[in-house]
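Biologist: Please take a close look at the aromatic pairs for me, and take the time to explain each term as it comes up.

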Amino acid sequence: MALETVEDTSQKHRLEKIYNDYSSYVKNMVIKFYPDLVNESEDIVQQVFFLVIKYKEKFLNNPEKVVKSMLYTYTNSVCINHLKKSNC
């Protein structure tokens, strides 16, 4: 699911802003807390923002502070899933 699937222009702009504002935050979090996943950090950022688009209503209807908290949670979840897959 890509940003191009979002039809509403205002939603698309808001999602782009979230990506631009927080993609570095997500990547840095991966690097800091999950050093074994440094080489996969770009993929993880993409997976996190795939989820942002998939669950866009949760992100579009909340203030920045909540968005950042949700990104933290999503990033941890994606990282944990990567670690589980690599340890199987």
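Modeller: Let us begin with Y25, which counts as partly exposed because its relative accessible area is 24% (buried means under 20%, exposed over 50%, and partly exposed in between, with a 1.4 Å probe and protein chains only). The model is predicted, so local features need pLDDT of at least 70 and side-chain atom pairs 80 or more, whereas totals for chains, interfaces and linings use all residues. Residues are numbered from 1 along each chain as its sequence is written, and side-chain values use heavy atoms, leaving out hydrogens and water.

When the whole structure is searched, four aromatic pairs turn up (rings of Phe, Tyr and Trp, taking its six-membered ring, pair if their centres lie within 6.5 Å; planes under 30 degrees apart are stacked, over 60 edge-to-face, and the rest tilted). One of them joins Y22 and Y25, whose ring centres are 6.2 Å apart and whose planes stand at 75°, so this pair is edge-to-face. Both residues belong to helix 1 (residues 9-33), where they are three residues apart, about one turn of the helix (helices are DSSP runs of H or I with at least four residues, numbered from the N terminus). Y22 counts as buried because its relative accessible area is 11%.

A further edge-to-face pair is made by F59 and Y74, since their ring centres are 5.3 Å apart and their planes lie at 80°. Because F59 is in helix 3 (residues 56-60) and Y74 in helix 4 (residues 64-86), this pair ties together parts that are 15 residues apart in sequence. Both rings belong to buried residues, for F59 has a relative accessible area of 0% and Y74 one of 14%.

F59 and Y74 also belong, together with Y55, to one aromatic cluster. Over the ring of Y55 sits the charged end of K58, at 5.2 Å from the ring centre (this needs NZ of Lys or CZ of Arg within 6 Å of the ring centre and within 35 degrees of the ring normal).

F59 leads us on to V52, a residue of helix 2, which runs from residue 41 to 54. Setting aside neighbours within four places in sequence, V52 is in contact with F59 as well as with L15 and L71 (contact means heavy atoms within 4.5 Å). V52 counts as buried because its relative accessible area is 1%, and its C-alpha atom is separated by 18 Å from that of E40, which is 12 residues away along the chain.

Note on methods:
Helix = DSSP H or I, 4+ residues; strand = E, 2+ residues; numbered from the N terminus. Axes fitted to C-alpha atoms, helices over the stretch in contact; angles between N-to-C directions.
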